[in-house]
Amino acid sequence: MTRHATTMARSLPAAALALMLATLPARAQGLDTAIDGFFAATTTWFVNIIFSNFPGTSFPWIVAWLVVGATVFTLYFGFIQFRAFRHSIHLVRGDYSNPNDAGEVSHFQALTTALSGTVGLGNIAGVAVAISIGGPGATFWMILAGLLGMASKFTECTLGVKYRNEYADGTVSGGPMYYMVKGFKERGIPGGKIMAVLFAIFCILGSFGGGNMFQANQAHAQITNVVGAYPGWITGVVMAVIVFLVIVGGLKSIARVTEKVVPFMAAIYVGTALIIIGMNYDMIGEAFRQIFVGAFTNDGVVGGMIGALIQGFRRAAFSNEAGVGSAAIAHSAVRTKEPTTEGFVSLLEPFIDTVIICTMTALVIIITGQLVSDPTTGLFVLNEAGTQIQTVTGNSGVALTSDAFSSAFSWFRYILVLAVVLFAFSTMISWSYYGLKAWTFLFGEGQTKELIFKLLFCFFVIIGAASSLGAVIDFSDAAIFAMAVVNILALYVLMPIVKAEMNSYLARLKSGEIRKYN
Amino acid sequence: MTRKIVVGYDGSETARRALDFAMARARAEGNSIVIAHVLEWSPYSFLTPSEVEERHRRRSEELQRAETAILAPVVAEVEQAGIPVATVLRYGHIAETMARIAKDEDAAMLIIGRMGHSGFAARIFGSVAATLAQASPVPVVIVP
């Protein structure tokens, strides 16, 4: 950036954005095609590598990579997600927090901040896709993947805290970039720096894509579903302005409102699901029968049992981000002397995200009878194209979830739109932070450098909402999973360090050296 | 033996009246004063990632500000009046934390100012004075 441009960006960020906004819509159409074309030409190979299937199957290797990682961590740490579950809840409740540390970030706050970055479209739309393709049995595999993913989160978040950077002014920076560099050095293994740079690049791309454009795009799609079609750039500009006010203008009030409303929406969502399940309590047994039977037998779904397994694993991985490394950035800023405690707290994330919220969505879809089955054979009926199970309304994705909830409460679709928009927004705010941390890791800290990232981030909100940029969105999704490739590799290298930390902590907990305060 | 009077002090006018009341009592009975200031804080509020990152620095700043702007001036004043004085600065739910301070200090009495907002806001959020009147471990004086 030239000196002139830098000065302008520093002194007039609002004007710079206004200029951007003014020129964008007019060019949007041409720009869309141009960008899409550019991305398609240069990145398709990358997307193809990340999402390619094992030869002769429709099983993407990246899904296997995440699930194998989660299984290895589960075994290596001796099913820590079950052993430490109760203790994790005590930690979140503040039982082990020193009252003199009041005013610092609590475990509860670290958990909810990280959760607001993951709870989102995956829980609402992703599950519906999994069920409509993989049948009820997909739920079983989704829950299993969620339970295993808890061990991945534990590993990455413990490392995130252990190897974070603490600065003189009291702020901290952490995440996979830092544990790759410092952890590898400590173990005397080369390559940490290269992996950290790779991770940071993928993280920036992922923050523009899956954590931003994809969210804006889906939020716009949901709004138009309810209020009718209108140009996407309008949604994009509105969202970009709000994001701009929060991340550049430092307008904490908006962020604070969102952070307060998001858990509230999640509670309404789960609460409504529980009411619907309760209203159909006689169907609960049948729903679980379908889930278990579908998980191990061919109940007529696409791909049979393996199809259910792929869909379940895939959606769980997409939803809870275990192994991706993003949570390690979010959790590393917490104030704790024991890295292990943050690992324990973070392992609740996939549990809440996948095992509870995703399962609620699945149960409501199954119980309200959205899936059409043949009364004589008991097998599910596929749609005409044979790509998914026939649903009552013919919908899939968010629309299917909306149908299921609206069949009990017709007003729920409006709540759902609000939930999708707010979830999208809070995910964007979280990812803007993850991206910024990766950005400053690569380019160093500094107001101008950070402003450049933030303006780029706002710019991508508009692009994401304005267009159906298939290639761009594919690429950004791929970037998020590329983060997992680098991150899980680093976790394998560093897991003995986590084990030592964990054993030391558990021993001191057992001996009574670590005690409850209240 | 001298006993402690804990005064809730937040720099407001009513808190000032509470402190004056406490000083009169302390002088008359030879007690000491503990000036307590509580910074409203809930471990269950929600923060954005950047707020999480800055929290530790902000906390130091907040403590510093409370110490210099709120506590230091009145401490000097109470000392000049010849009354032994100490301060307590904590984060937490205001009423609960005040009650805990009174207990920890083994106070003879807790003196607070009436918070001012009556009616609607107090009905929804609960008033500190009303909560302490019900939950305080030591006698409470509420100064209007």
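## The largest cavity

The lining of the largest cavity comprises nine nonpolar, three polar and no charged residues, where nonpolar stands for Ala, Val, Leu, Ile, Met, Phe, Trp, Tyr, Cys and Pro, charged for Asp, Glu, Lys and Arg, and polar for the others, Gly among them. The model is predicted, so local features need pLDDT of at least 70 and side-chain atom pairs count only at pLDDT 80 or more, whereas totals for chains, interfaces and linings use all residues. Residues are numbered from 1 along each chain as its sequence is written, chains are lettered from A and ligands numbered from 1 in the order in which they are written, and side-chain values use heavy atoms, with hydrogens and water left out.

A cavity is a set of points on a 1 Å grid over the protein atoms alone where a 1.4 Å probe fits but cannot get out, while a pocket is an open set with protein on both sides within 12 Å along at least five of seven lines; lining residues have an atom within 4 Å of a point. Grid points are joined across faces, edges and corners, and a volume is the space filled by probe spheres set on them. Three cavities of 30 Å³ or more are counted on this basis, and the largest has a volume of about 100 Å³. Its lining consists of L66(A), V67(A), A70(A), A145(A), L148(A), G149(A), S152(A), F313(A), A316(A), A317(A), N320(A) and A322(A). Two or more of the lining residues come from each of α3 (61–76), α8 (137–162) and α14 (304–320) of chain A, helices (H or I, at least four residues) and strands (E, at least two) being DSSP runs numbered from the N terminus.

## Around helix α8

Helix α8 of chain A also contains T155(A), which is buried at a relative accessible area of 0%; buried means under 20%, exposed over 50% and partly exposed in between, for a 1.4 Å probe and protein chains only. T155(A) is separated from E342(A) by 187 residues in sequence, yet their C-alpha atoms are 9.9 Å apart in space.

In the loop that joins α8 to β1 (165–166) of chain A lies R164(A), a residue that counts as buried with 9% relative accessibility. A polar atom of the R164(A) side chain is 3.3 Å from the backbone oxygen of T336(A).

## Helices α9, α17 and α19 of chain A

Helix α17 (residues 348–367) has 20 residues and reaches 26 Å from first to last C-alpha, close to the 28 Å expected, the expected span being 1.5 Å times one less than the number of residues. A bend of about 30° occurs in α17(A) at T359(A), taken as the angle between axes fitted to the seven residues ending there and the seven starting there. Because 17 of its 20 residues are buried, α17(A) is largely enclosed by the rest of the structure.

Helix α19 (residues 412–443) has 32 residues, and its end C-alpha atoms are 45 Å apart, in agreement with an expected 46 Å; with 25 of the 32 residues buried, α19(A) is likewise largely enclosed by the rest of the structure. In helix α9 (residues 176–187), twelve residues give an expected span of 16 Å, with which the 15 Å between the end C-alpha atoms agrees. The buried residues of α9(A) include P176(A), M177(A), Y178(A), Y179(A), M180(A), G183(A) and F184(A).

## The second largest pocket

The second largest pocket has a volume of about 740 Å³ and a lining of 32 residues, of which I247(A), L436(A), E450(A), K454(A) and E54(B) lie nearest its centre. At least two lining residues are supplied by each of α11 (232–247), α12 (252–279), α19 and α20 (447–466) of chain A and α2 (49–80) of chain B. By class, the lining holds twelve nonpolar, ten polar and ten charged residues.

## Residues with positive phi

Glycines with positive phi follow the three helices described above: G188(A), near 70°, comes just after α9(A), G369(A), also near 70°, follows α17(A), and G444(A), near 90°, follows α19(A).

Most residues other than glycine have a negative phi. E321(A), however, has a positive phi of about 60°; E321(A) lies in the loop between α14 and α15 (326–331) of chain A and is buried, at 10% relative accessible area. D106(B), with a positive phi of about 55°, is located in the loop between α3 (94–104) and β4 (109–113) of chain B, and is exposed at 55%.

How values were computed:
A polar contact is a pair of N or O atoms within 3.5 Å; within protein, one must be able to donate a hydrogen and the other to accept it, and residues adjacent in sequence count only if both atoms are side-chain atoms.
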